Amino acid sequence: MQIPNWIHSKRVETRNFVFLFCLVLLSVLTFSVARAEQPNAPSTSTGLNTPAKDISMAGTVQQLITTHPSGAPAGVQLAVDGPQGSFTASLGPNLSREVQQSLSEGAPVQISGQMQTINGQQYLLARKLTIEGNQIIVRNDNGFLVHTSQRSRASVNNSELYRSAK
């Protein structure tokens, strides 16, 4: 009678140990993922969630940079020359091809957003872009990049195709 009780108690101890080990491992992984994501939050690192601090700059397009230079923000960069001087605007990776094509050299633009220093260079992180009277929202009021309406229309069309295929 003592041997089965001893075996049963060892199984319970092993189960408890495995459970505690998995719990500790899960908590360590959760903590490390939370710390890894923390620097990328726009509200803490860039302060783009305060539209009241936005500035507005106008000028003419000098160059549209679609390649990603080392140390620059992701997405399309726009070199602009205006009455307040030359500046580089970061427009993000979500601009439609039509908008990018309308940003030809010499086109007048107005950009509102916040100036940020990234890797020692000043960028105007665009919230709104106005080209020929058309306003394009680049970032929402919380500082997150938004997708252009062209992409959202495409996703609606795709969902209609999937519904009809069912």
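## A walk through the model

Start by selecting Glu132, which sits in the loop between S5 and S6. You're looking at a predicted model, so keep that in mind as you click around.

Is Glu132 buried or exposed? It counts as exposed, because its relative accessibility is 65%. Now check the backbone: Glu132 has a positive phi of about 50°, and it is not a glycine. For background, most residues other than glycine have a negative phi. While you're here, draw a distance from the C-alpha of Glu132 to that of Val109. The two are 23 residues apart in sequence, and the C-alpha atoms are 7.3 Å apart in space.

Next, jump to Asn119, in the loop between S4 and S5. Here too you'll find a residue that is not a glycine with a positive phi, about 50°. Asn119 has a relative accessible area of 64%, so it is exposed.

**The whole chain**

Zoom out and color by secondary structure. You should see 4 helices and 6 strands. Tracing from the N terminus, the order is α-α-β-β-β-α-β-β-β-α. The chain has 166 residues, and 27% of them count as buried. Switch on a surface: about 11,400 Å² is exposed, with 57% of that supplied by carbon and sulfur atoms. If you like contact maps, take the contacts with a separation of 6 or more: 51% of them come from residues 24 or more positions apart.

**Into the core**

Hide the surface and select Leu78, Leu91, Leu103, Val109, Ile111 and Leu129. These are the residues with the most contacts inside the largest nonpolar core, which has 20 residues. Which elements give two or more residues to this core? They are strands S1 (55–65), S2 (76–82), S3 (85–92), S4 (108–118) and S5 (121–131). S5 gives the most, with 4 residues. Val109, your distance partner for Glu132, turns up in this group as well.

Now center on Leu103. Leaving aside residues up to four places away in sequence, Leu103 touches Val61, Leu64, Leu78, Leu91, Leu95, Val109, Leu129 and Ile131. Show those side chains as sticks and rotate slowly.

**A polar residue under cover**

Select Gln77, in strand S2. Its relative accessibility is 1%, so Gln77 counts as buried. What lies 3.4 Å from a polar atom of its side chain? That's the backbone oxygen of Gly75. Beyond residues up to four places away in sequence, Gln77 touches Gln63, Leu64, Ile65, Ala72, Thr88, Ala89, Ser90 and Tyr123. Leu64 is among the neighbors of Leu103 and also among those of Gln77, so keep it displayed if you want to see both settings together.

**The salt bridge**

How many salt bridges does a search of the whole structure find? Just 1. Select Asp54 and Arg127: their closest N and O atoms are 2.6 Å apart. Asp54 lies in the loop between helix H2 (42–45) and S1, whereas Arg127 is in strand S5, so this pair ties together parts that are 73 residues apart in sequence. The two partners differ in cover: Asp54 is partly exposed, with a relative accessible area of 22%, while Arg127 is buried at 3%.

**Out to the surface again**

Move to helix H1 (residues 2–37) and pick Leu25. With a relative accessible area of 42%, Leu25 is partly exposed. Add Phe17, Val18, Phe21 and Leu29 to the selection, and you have a nonpolar surface patch of about 520 Å².

For the last stop, go to His147, in the loop between strand S6 (134–137) and helix H4 (149–165). His147 counts as exposed, because its relative accessibility is 53% and the cut-off is over 50%. Finish with one more distance line, from the C-alpha of His147 to that of Ser96: these residues are 51 apart along the chain, and the atoms are separated by 8.5 Å.

Terms used
Residues are numbered from 1 along each chain as its sequence is written. This is a predicted model: local features need pLDDT of at least 70, side-chain atom pairs count only at pLDDT 80 or more; totals for chains, interfaces and linings use all residues. Side-chain values use heavy atoms; hydrogens and water are left out. Patches are made of residues with over 30% relative accessible area and no salt bridge: like charges are joined within 9 Å, nonpolar side chains (Val, Leu, Ile, Met, Phe, Trp, Tyr) within 5 Å. Accessible areas come from the Shrake-Rupley method with a 1.4 Å probe; for residues, only the protein chains shown count as cover. A salt bridge is a side-chain nitrogen of Lys or Arg within 4 Å of a carboxyl oxygen of Asp or Glu. Buried means under 20% relative accessible area, exposed over 50%, partly exposed in between (1.4 Å probe, protein chains only). A nonpolar core is a set of buried Ala, Val, Leu, Ile, Met, Phe, Trp, Tyr and Cys residues joined through side-chain atoms within 4.5 Å. Contact means heavy atoms within 4.5 Å. A polar contact is a pair of N or O atoms within 3.5 Å; within protein, one must be able to donate a hydrogen and the other to accept it, and residues adjacent in sequence count only if both atoms are side-chain atoms.
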